Amino acid sequence: MIKWESDNVVREDRGLKIGRTKILPAIAARGEESSYNAHYFQYMKRPDVFAPAAFSLRDRVNSYLEKSLSLEISFDPKSLEFASSIRYSSLGAALVAEAVEFMAGHFAAQQCKVCGSWFRIGADQMRKDRIFCSAACKCEITERENPQDDAPLVQTRRRIIDPQFSRAAADGLFRFG
Ligand SMILES: [Zn+2]
């Protein structure tokens, strides 16, 4: 939840409490008394909640990832080639990094028409026109298919761009960290 306290202060309501006091961390504030991320106001204005939510999510993900992954280089003496790899400090870090790739639109996910599970499609992962998660599911639909059953196989492709959804996903992933 994002709350504009005034034209100059926007806060995040995470539902956390200390005693009876609700914690409302500031996303940005500008003024003579306190100034925090004041440059964000260049891109957001009351009552817009999309930009503040996106800034807040970005800042939280970045502060998490800063401590959670590193880039390494390795050398293969046989092929005399260098290779790069990303090292994650935990499973949570790897999952958050994956969520970040989805949010940035580098991957899209698609739901299997048979079992309903989500699988990743993208350039080097899987063909973009795939509608089944596995060969087993593809076989099942071939066996099950019935001409009277007029429900067409509609392909739904989904890119996770909804900030609330991405936020919920990232929040969920943070628990593994
Ligand atoms: Zn499936």
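**Entry 1. The end of helix 2**

I began at the residue that comes after helix 2: this is glycine 105, and its phi is positive, near 80°. I note at the outset that the model is a predicted one. I then went back over helix 2 itself, which covers residues 91-103 and so has 13 residues. From its first C-alpha to its last I read 19 Å, close to the 18 Å expected at 1.5 Å a residue. I also asked which residues of helix 2 are buried. I found Ala93, Val96, Phe102 and Met103.

**Entry 2. Helix 1 against helix 2**

I next looked up how helix 1 and helix 2 pack. Their axes are 10 Å apart and make an angle of about 140°. Helix 1 is therefore oblique to helix 2. The crossing in which helix 1 passes helix 2 is left-handed. I listed the residues that meet there: Val61, Tyr64 and Leu65 come from helix 1, and Val96, Ala97 and Val100 come from helix 2. I marked Val96 in particular, since this residue of helix 2 is listed as buried and also meets helix 1.

**Entry 3. The loop between strand 5 and helix 1**

I turned to the loop that runs between strand 5 (26-29) and helix 1 (50-66), where proline 47 lies. The peptide bond leading from arginine 46 to proline 47 is cis, and its omega is near 0°.

Asparagine 37 belongs to this loop between strand 5 and helix 1. Its phi is near 50°, which is a positive value in a residue other than glycine. I asked whether asparagine 37 is exposed, partly exposed or buried. Asparagine 37 counts as partly exposed because 16 other C-beta atoms lie within 10 Å, where a buried residue would need 20 or more.

Lysine 45 has its place in the loop between strand 5 and helix 1 as well. I counted 12 other C-beta atoms within 10 Å of lysine 45, so this residue is exposed. I also looked up how lysine 45 stands to tryptophan 4: the two are 41 residues apart in sequence, and 9.2 Å apart in space, C-alpha to C-alpha.

**Entry 4. Leucine 80**

I moved on to leucine 80, in the loop that joins strand 6 (69-76) and strand 7 (81-88). Leucine 80 is not a glycine, yet its phi is positive, at about 55°. I recorded 7 C-beta neighbours inside 10 Å, and leucine 80 therefore counts as exposed.

**Entry 5. The hairpin of strand 8 and strand 9**

I examined the pairing of strand 8 (residues 108-111) with strand 9 (residues 118-121), which is antiparallel and has four bridges. I asked which residue in strand 9 stands opposite glutamine 110. I found phenylalanine 119 in that position. Six residues lie between the strands of this hairpin, and in it glycine 116 takes a positive phi near 80°.

**Entry 6. The whole chain**

I closed with the protein as a whole. I counted four helices and 10 strands. Along the sequence I read the pattern β-β-β-β-β-α-β-β-α-β-β-α-β-α. Of the 177 residues in the protein, 11% are buried. Finally, I took the contacts with a separation of 6 or more and noted that 39% of them are between residues 24 or more positions apart.

Notes. Residues are numbered from 1 along each chain as its sequence is written. This is a predicted model: local features need pLDDT of at least 70, side-chain atom pairs count only at pLDDT 80 or more; totals for chains, interfaces and linings use all residues. Helices (H or I, at least four residues) and strands (E, at least two) are DSSP runs, numbered from the N terminus. The expected span of a helix is 1.5 Å times one less than its number of residues. Two strands pair if DSSP finds at least two bridges between them. Axes are lines fitted to C-alpha atoms, for helices over the stretch in contact, and angles run from 0 to 180 degrees between N-to-C directions. Angles under 35 degrees count as roughly parallel, over 145 as roughly antiparallel, 65 to 115 as roughly perpendicular and the rest as oblique. A crossing is left-handed if the near helix is turned anticlockwise from the far one by less than a right angle, and right-handed if clockwise. Two residues are in contact if their C-beta atoms, placed from the backbone, lie within 7 Å.
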